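Q: Could you take me on a close look at the barrel in this model, and at what packs around it? I'd enjoy one connected walk through the strands, the helices and a few individual residues.

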Amino acid sequence: MTTPLQLRELISRQDGPILLPGAPNALTARVIEQAGFEAVYVSGAGLTNTYLGMPDLGLLSVTELVAHVAAMADAVSIPLVVDADTGFGNALNVQRTVRQLERAGASALQLEDQVSPKKCGHFAGKGVISQDEMVGKVRAAVDARLDENMLIIARTDALSTEGLEAACDRAAAYSEAGADILFVEAPRTREQMEYIIRNVPGLHLANMVEGGLTPLMTRSELGELGFSVALYANAAMRGAVAGMRQVMDHLAEHGDTKDAAHLMIDWADRQALVRKPEFDELDRRYAADVPVTGGVA
């Protein structure tokens, strides 16, 4: 079974929304897979934060994204849902972006209707392109995918600029254009979330951003509302930063890490996480038989 088909079946068979944690790199994707999650989200914000040390303001290039997706696809066997921002241009750029990311290992792509350069969906000052232009982008993405099971997620940020009804109209139009999953970003209340589900047929994604604009809900609560995907795009990264700060605070205070073992994974766990035993076995399997030379005739 291909990973796009695997993801489609996973979403369709879930009793409640699929939990979708985000990863900014291959190591985090490994942690998410080891924790038992069945898919991972390649977070554009997380990648920008960790790779560039910069905010989520559309600063990442498609080339940088493709390289990270390829590394993550090589590191895990679960499907990758990739945040492709605005598609890095117009509809023609979207087609090239889809093909590049699909070849790199994406099982689903998320496209949004913000103007470029985009901003985090929970930042102020966002702007959106016209509905017709985004419809063209969604159609271009659908036409560009080689595997028909690859999912296209259409996100609208129009709620903050045009209001709830306009955002729902856009989501419905994107669904009509061929989007498989709909993502109305940054509803501010449970009532708005209920309205979205009630008025726009289809599969919906809820973005659970700790400290963001949307109320945090449990998986069961989101399931009751009718959401199919619960996204936690940067929970792992933010937890990792908290852990790094603890270790660095300890080192700064004590001048060593002798008593900080409890703050870190141990040596063996680290090597297992990056599959060193597997690589050692491969090294033995492919090692050349080097003849012994020299010595007394």
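A: Happy to! Please keep in mind that this is a predicted model.

Let's start with the barrel itself. Eight strands form a closed barrel in the order β1-β2-β3-β4-β5-β6-β7-β8, and their pairing is parallel. Within this sheet, neighbouring strands are turned by 25° against each other on average, with direction ignored. As general background, strands of a sheet pair through backbone hydrogen bonds, in either a parallel or an antiparallel way.

The closure can be followed at β1. Strand β1 (residues 18-23) and strand β8 (residues 229-232) run parallel and are joined by four bridges. Ile18 takes part here, with Val229 as its bridge partner in β8. Helix α2 (residues 26-34) packs on the sheet, where it touches β1 and β2 (40-42), and its direction makes about 155° with that of β1. Strand β1 also pairs with β2, again in the parallel sense, over two bridges. For this pairing, look at Ala23, whose bridge partner in β2 is Val42. Taken together, β1, α2 and β2 make a β-α-β unit that is right-handed. As for solvent, β1 is mostly covered, with five of its six residues buried.

Further round the barrel there is another helix to look at. Helix α8 (residues 164-176) lies across β5 (151-156) and β6 (181-184), and it runs at about 160° to β5.

Now for the nonpolar packing. The largest nonpolar core has 50 residues, and the members that touch the most others are Val82, Leu101 and Leu109. Helix α6 (residues 131-144) gives the most to this core, contributing seven residues. Apart from this core lies another, of 17 residues, which includes Tyr41, Val81, Ile153 and Ile181. Val82 is worth a pause: beyond the residues up to four places away in sequence, Val82 touches Val42, Leu65, Val69, Leu101, Ala106, Ala108, Leu109 and Gln110. Val42 in that list is also the β2 bridge partner of Ala23, so to speak a familiar face.Next come some loops with unusual backbone geometry. In general, most residues other than glycine have a negative phi, and most peptide bonds are trans. Against that background, Ser116 and Pro117 are joined by a cis peptide bond, with omega about 0°. Pro117 sits in the loop between β4 (108-112) and α6. Ala186, in the loop between β6 and α9, has a positive phi, near 60°, although this residue is not a glycine. Ala186 has a relative accessible area of 4%, and therefore counts as buried. Arg275 also has a positive phi, near 65°, and its place is the loop between α12 (267-273) and α13 (276-286). With a relative accessible area of 18%, Arg275 is buried, because the cut-off for buried is under 20%.

From the loop that holds Ala186, we can step into helix α9 (residues 190-199), where Gln192 is found. A polar atom of the Gln192 side chain lies 2.6 Å from the backbone nitrogen of Arg188. Setting aside residues up to four places away in sequence, Gln192 touches Leu159, Leu164 and Pro187. Leu164 belongs to the residue range of helix α8. Gln192 and Glu33 are 33 Å apart in space, C-alpha to C-alpha, with their positions 159 residues apart in sequence.

Arg8 makes a good last stop. Arg8 lies in helix α1 (residues 3-13). Its C-alpha is 7.0 Å from that of Asn149, while the two residues are 141 apart in sequence. Outside its neighbours within four places in sequence, Arg8 is in contact with Arg145, Glu148, Asn149, Met150, Leu151 and Asp180. One of these, Leu151, falls in the range of strand β5 (151-156). As for solvent, Arg8 has 25% relative accessibility and therefore counts as partly exposed.

Terms used. Residues numbered from 1 in each chain as written. Predicted model: local features only at pLDDT ≥ 70, side-chain atom pairs only at ≥ 80, totals over all residues. Heavy atoms only, no water. Contact = heavy atoms within 4.5 Å. Polar contact = N/O pair within 3.5 Å; in protein donor to acceptor, adjacent residues only side chain to side chain. Buried < 20%, exposed > 50% of the residue type's maximum accessible area, 1.4 Å probe, protein only. Pairing = 2+ DSSP bridges. Axes fitted to C-alpha atoms, helices over the stretch in contact; angles between N-to-C directions. Core = buried A, V, L, I, M, F, W, Y, C linked by side-chain atoms within 4.5 Å. Right-handed = clockwise from strand over helix to strand, strands pointing away.
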